[in-house]
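Work through the exercises below with the sequence and the 3D structure open. Try each task before reading its solution.

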Amino acid sequence: MEDIPINPNWTRLDILAVVCERVLEEEEEIVKETAMHEAESREKLMRVENPNRPIDDQVKTRIKTRKREYDPEDKRRRIIGKKRKKSETGKILPMPQIVKDRINQLEKGVKEVKFIIEKEIFKTDCGEHQNRLSIPITQVVEKFLTDEEEKYLCMPSNGNRINFKKVRVIDPSLDIYELELRRWKMTESAIYALNGKWTKMRVRNKIKKGNTIQIWAVRMDDDELIIVIMKLSPDEKTKVIN
């Protein structure tokens, strides 16, 4: 919330009210975008089954009136009751050997590797005042947290702040950062968020809006959770689609 202008004459209650208003505005925007794109996804699925079916008037209106600045966090196709096995491009790229070698340099044994998500970088992932990479829980391919970790992230710590878990993150340049993994509950959904040094990592790796990344979870023998972020090049995306 660094971008909020603070009046020196404000009381603590005034500042709290302004911050709460900003949080509610951001949450409302994400929920609105999510609902809108879920409707569009349902319409697309129904048209696959019945190509001659006219587009629903309500969906048509939403598509027509949608603001250009909308930054959808949940535009992926979701089929209720079925676990998604593939990424948005249709195939999960194997983890490069160079990344595996970097993990081996940690001199720990690897217990398991799980694919978390492939996602497009949106405007909200690039906001410096937000300073976080969102991972919509509805789009997570494989459960990567233990039940204990999940429970811990849902519990409040000091005051109304929610617990967070410090994790080491291997970025596309193979550098290692320590970030904070949080779980944020929205009105109708929830997201995981990586923040702390996310902006520094994003700028360092020239990750911009429109880029596509894949995120992996590596569980070490001592139960340490390491997150791996891979940035897909246009060539890699083309190969996967084909």
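The exercises treat a predicted model and go from confidence to fold, then to one strand and to charged pairs.

**Exercise 1. Decide which parts of the model deserve caution.**

Solution.
Step 1. Start with the whole chain: the mean pLDDT is 76, and 58% of the residues score at least 70.
Step 2. Compare the elements. The lowest mean pLDDT among them, 52, belongs to helix α2 (residues 57-65), and the highest, 96, to β3.
Step 3. Look for stretches with low values. Over residues 65-87 pLDDT stays under 50, and the model has 60 contacts beyond four places in sequence for this stretch. Residues 238-242 also stay under 50, with four such contacts.

**Exercise 2. Describe the overall make-up of the chain.**

Solution.
Step 1. Count the elements: the chain has six helices and seven strands.
Step 2. Put them in sequence order, which gives α-α-α-β-β-α-β-β-β-α-β-β-α.
Step 3. Turn to burial and surface. Of the 242 residues, 39% are buried. The accessible surface is about 14,800 Å², and carbon and sulfur atoms account for 51% of that.
Step 4. Check how far apart in sequence the contacting residues lie. Taking contacts between residues at least 6 apart, 65% join residues at least 24 apart.

**Exercise 3. Lay out the sheet and find its edges.**

Solution.
Step 1. Trace the strands from one side to the other: the order is β1-β6-β7-β3-β4-β5-β2, in an open sheet of seven strands with mixed pairing.
Step 2. Identify the edges. β1 (110-120) and β2 (132-136) each pair on one side only.
Step 3. Add the twist, which averages 30° from one strand to the next.
Step 4. Recall what mixed pairing can combine: strands of a sheet pair through backbone hydrogen bonds, either parallel or antiparallel.

**Exercise 4. Place β5 among its partners and state how its residues are covered.**

Solution.
Step 1. Take the β4 side. Strand β4 (residues 176-185) runs antiparallel to strand β5 (residues 190-195), and six bridges join them. The two strands form a hairpin with four residues between them.
Step 2. Locate individual partners on this side. Lys-185 is bridged to Ala-190 of β5, and Leu-181 is bridged to Leu-194.
Step 3. Take the β2 side. Here β2 and β5 are antiparallel, with five bridges; Arg-132 stands opposite Asn-195.
Step 4. Sort the side chains by direction. In a regular strand the side chains alternate between the two faces of the sheet. In β5, Ala-190, Tyr-192 and Leu-194 point one way, while Ile-191, Ala-193 and Asn-195 point the other way.
Step 5. Read off the burial: six of the six residues of β5 are buried, so residues pointing either way from the strand are covered.

**Exercise 5. Which partners do Glu-150 and Asp-175 have in salt bridges, and how exposed are the residues of each pair?**

Solution.
Step 1. Note the principle: side chains of opposite charge can pair when their charged atoms come close.
Step 2. Glu-150 pairs with Arg-183, with 2.8 Å between the closest N and O atoms. This pair links distant parts of the chain, since Glu-150 lies in helix α4 (residues 147-153) and Arg-183 in strand β4, 33 residues apart.
Step 3. Apply the 20% cut-off for burial. Glu-150 has a relative accessible area of 18% and therefore counts as buried. Arg-183, at 21%, is partly exposed.
Step 4. Asp-175 pairs with Arg-204, at 2.7 Å from N to O. Asp-175 sits in the loop between β3 (165-170) and β4, and Arg-204 in helix α5 (residues 198-204), 29 residues apart.
Step 5. Both members of this second pair are partly exposed: Asp-175 has 26% relative accessibility and Arg-204 has 44%.

**Exercise 6. Complete the account of the salt bridges.**

Solution.
Step 1. Begin with the total, which is 13 salt bridges.
Step 2. Add the pair of Arg-182 and Glu-180, whose closest N and O atoms are 2.6 Å apart. Arg-182 is buried, at 9% relative accessible area.
Step 3. Finish with the network of salt bridges that links Lys-108, Arg-168, Asp-222 and Glu-224.

Terms used
Residues numbered from 1 in each chain as written. Predicted model: local features only at pLDDT ≥ 70, side-chain atom pairs only at ≥ 80, totals over all residues. Heavy atoms only, no water. Pairing = 2+ DSSP bridges. Axes fitted to C-alpha atoms, helices over the stretch in contact; angles between N-to-C directions. Buried < 20%, exposed > 50% of the residue type's maximum accessible area, 1.4 Å probe, protein only. Contact = heavy atoms within 4.5 Å. Areas by Shrake-Rupley, 256 points an atom, 1.4 Å probe, with all protein chains shown as cover. Salt bridge = Lys/Arg side-chain N within 4 Å of Asp/Glu carboxyl O. pLDDT = per-residue confidence, 0-100.
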